[in-house]
Amino acid sequence: MSSPKARAPKQTAKSATPKSAAKTAAKAPAKKTAVKKAAAKKVAAKKVAAKRRSNEPVALSGEDKVHFVKAIWEGVSKGGKDSGKASAKSAKTAKAKAPQVEILRRIPAAAPQNKKQNALSQKGLAFAAELEAAFAKGELEALSPEATQALMGAICKIYGANQESGNKYPILSGRMAVTGTDVMITCGGLLKAADLQVFELGMWQSWTGI
Amino acid sequence: MAEQFVGKASEFKDGDRQIVRIGEQEIGIFKHEGEFYAYSNFCLHQGGPACEGLTIARVEERLRDDKTSMGLHFTNDMNFVCPWHGYEYDMKTGEHVSNRKIKLRKYNIVQKGNDVYVIA
Amino acid sequence: MDLISDRGRRVQVEELNTTKLLAHAAKQSRDNKFDEVLIVDVDAHHYENENFGEILPFMENEVMKQLVMAARSKGGRGSVLPSTPGFQDMGGRVTRYPLRASEKTNPDRLRDAQLGERWMDAMGVDYSCLFPTGMLNVGLHPQKEMEFELCWAYNRWVTEVALPQTNGRMFTQLCLPFSDPEGSLRCVETFGHRPGVGGWMVTTVRPKMPVYDNAYMKVYRAIEERGQTLAFHSGPSWGDHTFQSCNRFISAHALGFSWYNILHCTNWVVNGMNERFPKLPVIWIEAGLAWIPFVMQRIDHEFMLRPSECPLLKRKPSEYMREMYYSSQPMEIQDMDALECTFRMIDAENTLLYASDYPHWDFDLPSTIWDLPFLTDRARHNILGGTAHKLFKLPPRNEAQKQNLIKYGNYIGN
């Protein structure tokens, strides 16, 4: 079921400040460029309409067809950049009054899975949060080299074993979690520590698909 | 073109979406990996609600150097899929994943403090 | 509702409401004033397995009935219909498949009728021909007795239970148990006169189907005499040996739908069936259109070289093909010149019938026809409903539709 938030239809977003509302009204009528761009498509449409009235087959030029295909790509979207009719229509509307923002629906990300963490995982999450906090304060020595090595080794073992046994999950929770440089340095360090060359990694990945 | 207020940034969690109508336009606003993206909600195929379907990771077929296939795999790039017929668009560009020329109209998003605006 | 996406990730989407899902189709319908155009959808579907509880008791043979009823009971290990592997829902990307059960309808009236009205109203469709989904595989059943029983029960249910609840908006081309010519004739004679029966459907997904066999002539004659249609409805069959080299569903699907119609249409034409039953309207359904020029050219070419193999033909095979009917979906709008050429080759203005195929994944809206730049207004109106009005005798639903039918020379009365 949707959350109550998701089912709230036809809300109107209220302007945040009177200033932004004024800006909205001032900028609304600008649609002329789109109308101009659509002139060619209008010509094609007129030709088609004239032929339709006479019930004769329509001979379209190559250019007309390009405009039609563009229109197909643009779909029926009245906002499409080559959609002349629609742009003209919206321009008229905009002159009359500033467009209202109507919230049709909100679709939240999936409801959080309150997955139970075991005691060790809870400790791990709390410890990681502590480390992140210390790092944010610039405490580069928050974790000693020995502690870092021990943690890295344990994580390597447990992650590797899970992947091999088919319990696959990404090693990081999201792309924003670490920088590319962090990944390069860490991967390089791991390979060096295990006396592996980059080509060996590539070969192994090709063979195993992991 | 004007800035249209569409909501508070704090109300969007990663993965949340909002569909708004502004005049004749319908726009889907996504929050993905900390960024906002906004596209026309009219699919370029038959006009379906392009922004309202499943979000799903892009699929790639991995090849070895000798051109043998390692099969299909999900990548870390995200697509959103029109629920009518399955047109799949790149979350970050609005381009159809198999033909980059087919591109949903993209709207710019401006964030001022906690307020999110779409330029439409 | 949550749907499962990549790697088990859960994504929330709204629960299914067909009217809401098709809101953009309704906009197209309003913008194009489709209410003034009679629009007949000659191929729409329901999921009849959701009604098996009502359908199967209509089976005649008590032993067969016992087998399928027990198979469906709790703990039953059998299956009613043969199935073929496939991923129509594209891994959940086409959300109306996984969400189907979440749509709310009024329990007092047939759910299929209510869902049908929702999509028809949104698209601007006035009438739709209701076809089954799983039953399209009935031709793969190894028991011809079971095929007959299932078709018989389905035909009874459609005409006695379903159609009376659709306010006249749905009609049918009933299922012929084609493996059983005697049974097929019995169906035509029993149900042919019932309200809402416009014709007969043969599912073409079959391991062997000699459409030219002498055993069928009496069936064709019976349908022709009743002024009804004979439709061949295609489908995919990934399990068929022809498609076992396809390692992706897209290949088996794209080829399968065209293939079965290519096969049976070729046999139909080469054996002079159009000469034998000149007044029998034959419709080829759900194979797209691109295959037709291909077959026309192939058989015309060989016909000139091997005329002695088809002596019943008095004209080129393509000329007979130009006189049969084709449903429009899934229309390959990829190369506009090629599509225009196809329309010319099949005389689309007089032979093409709009079909949505809703709710299946590759449905087409009426605007796919309406927006084609090379069509005349007459062609537009004929394809969307004028030609079907003449074939199925469906009355216009308002005065504007009637006037349009008159204007384009299609009106045959209410």
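Author: Two strands count as paired if DSSP finds at least two bridges between them. The model discussed here is predicted.

Reader: Which residue stands opposite C:Ile283 in E9(C)?
Author: Strand E8 of chain C covers residues 282-285, and strand E9 of chain C covers residues 325-327. The two strands run parallel and are joined by 2 bridges. Opposite C:Ile283, in E9(C), stands C:Tyr325.

Reader: In what order do the 8 strands of the open sheet in chain C stand?
Author: The sheet is open, and its pairing is parallel. E8 and E9 of chain C, joined by 2 bridges, run parallel. The order of the 8 strands is E3-E4-E5-E6-E7-E8-E9-E10.

Reader: Which strands of chain C stand at the edges?
Author: A strand at the edge has a single partner strand, so one side of it is left without a neighbour in the sheet. In chain C this applies to the strands at residues 40-45 and 352-353. Their names are E3 and E10.

Reader: Which residue of E2(B) is the bridge partner of A:Arg106?
Author: Strand E2 of chain A, residues 101-107, pairs with E2(B) in the antiparallel sense over 6 bridges. A:Arg106 has its bridge partner in E2(B), and that partner is B:Gln18.

Reader: Which residue of E3(B) does B:Gln18 stand opposite?
Author: E2(B) is joined by 6 bridges to strand E3 of chain B, residues 25-32, and the two run antiparallel. B:Gln18 is the bridge partner of A:Arg106. In E3(B), B:Gln18 stands opposite B:Ile29.

Reader: Which residue in the turn between E2(B) and E3(B) has a positive phi?
Author: E2(B) and E3(B) form a hairpin, with 2 residues between them. In the turn, a phi of about 60° belongs to B:Gly23.

Reader: How many of the 6 residues of strand E2 of chain B are buried?
Author: Buried residues have under 20% relative accessible area. Strand E2 of chain B, residues 17-22, is mostly covered. Of its 6 residues, the number buried is 5.

Reader: What pattern does chain A follow along the sequence?
Author: Chain A has 9 helices and 2 strands. Its strand E2, residues 101-107, pairs with E2(B). Read along the sequence, the pattern is β-α-α-α-α-α-β-α-α-α-α.

Reader: What percentage of the 210 residues in chain A is buried?
Author: The accessible surface of chain A comes to about 14,900 Å², and carbon and sulfur atoms account for 62% of that area. Buried residues, those under 20% relative accessible area, make up a share of chain A equal to 23%.

Reader: About how much area do chain B and chain C bury between them?
Author: The size of an interface is often given as the accessible area lost when the parts come together. Here 29 residues of chain B are in contact with 28 residues of chain C. Carbon and sulfur atoms carry 52% of the buried area, and its total is about 2,100 Å².

Reader: Which residues in chain B lose the most area to chain C?
Author: Chain B and chain C bury about 2,100 Å² between them. On the side of chain B, three residues together make up 34% of what is buried, and they are B:Gln46, B:Leu54 and B:Trp84.

Reader: Which residue of chain C does the side chain of B:Glu61 meet in a salt bridge?
Author: Across the interface of chain B and chain C there are 3 salt bridges. In one of them, with a nitrogen-to-oxygen distance of 3.4 Å, the side chain of B:Glu61 meets that of C:Arg248.

Reader: Which element gives the most to the side of chain B that touches chain C?
Author: There are 17 residue pairs in polar contact across the interface of chain B and chain C. Strand E5 (55-63) and strand E6 (69-81) of chain B each supply at least two residues of the side that touches chain C. With 6 residues, the element that gives the most is E6(B).

Reader: Is C:Arg7 buried, exposed or partly exposed, and what is its relative accessible area?
Author: C:Arg7 lies in the loop between strand E1 (2-4) and strand E2 (10-12) of chain C. Although not a glycine, C:Arg7 has a positive phi of about 50°. Partly exposed covers values between 20% and 50%. C:Arg7 is partly exposed, with a relative accessible area of 46%.

Reader: In which loop of chain C is C:Pro330 found?
Author: The peptide bond from C:Gln329 to C:Pro330 is cis, with omega near -5°. The loop that holds C:Pro330 runs between E9 and helix H13 (336-346) of chain C.

Definitions and conventions:
Residues are numbered from 1 along each chain as its sequence is written. Chains are lettered from A and ligands numbered from 1 in the order in which they are written. This is a predicted model: local features need pLDDT of at least 70, side-chain atom pairs count only at pLDDT 80 or more; totals for chains, interfaces and linings use all residues. Side-chain values use heavy atoms; hydrogens and water are left out. Helices (H or I, at least four residues) and strands (E, at least two) are DSSP runs, numbered from the N terminus. Buried means under 20% relative accessible area, exposed over 50%, partly exposed in between (1.4 Å probe, protein chains only). Accessible areas come from the Shrake-Rupley method with a 1.4 Å probe; for residues, only the protein chains shown count as cover. Contact means heavy atoms within 4.5 Å. Buried area is the accessible area (1.4 Å probe) that two parts lose on being put together, summed over both. A salt bridge is a side-chain nitrogen of Lys or Arg within 4 Å of a carboxyl oxygen of Asp or Glu. A polar contact is a pair of N or O atoms within 3.5 Å; within protein, one must be able to donate a hydrogen and the other to accept it, and residues adjacent in sequence count only if both atoms are side-chain atoms.
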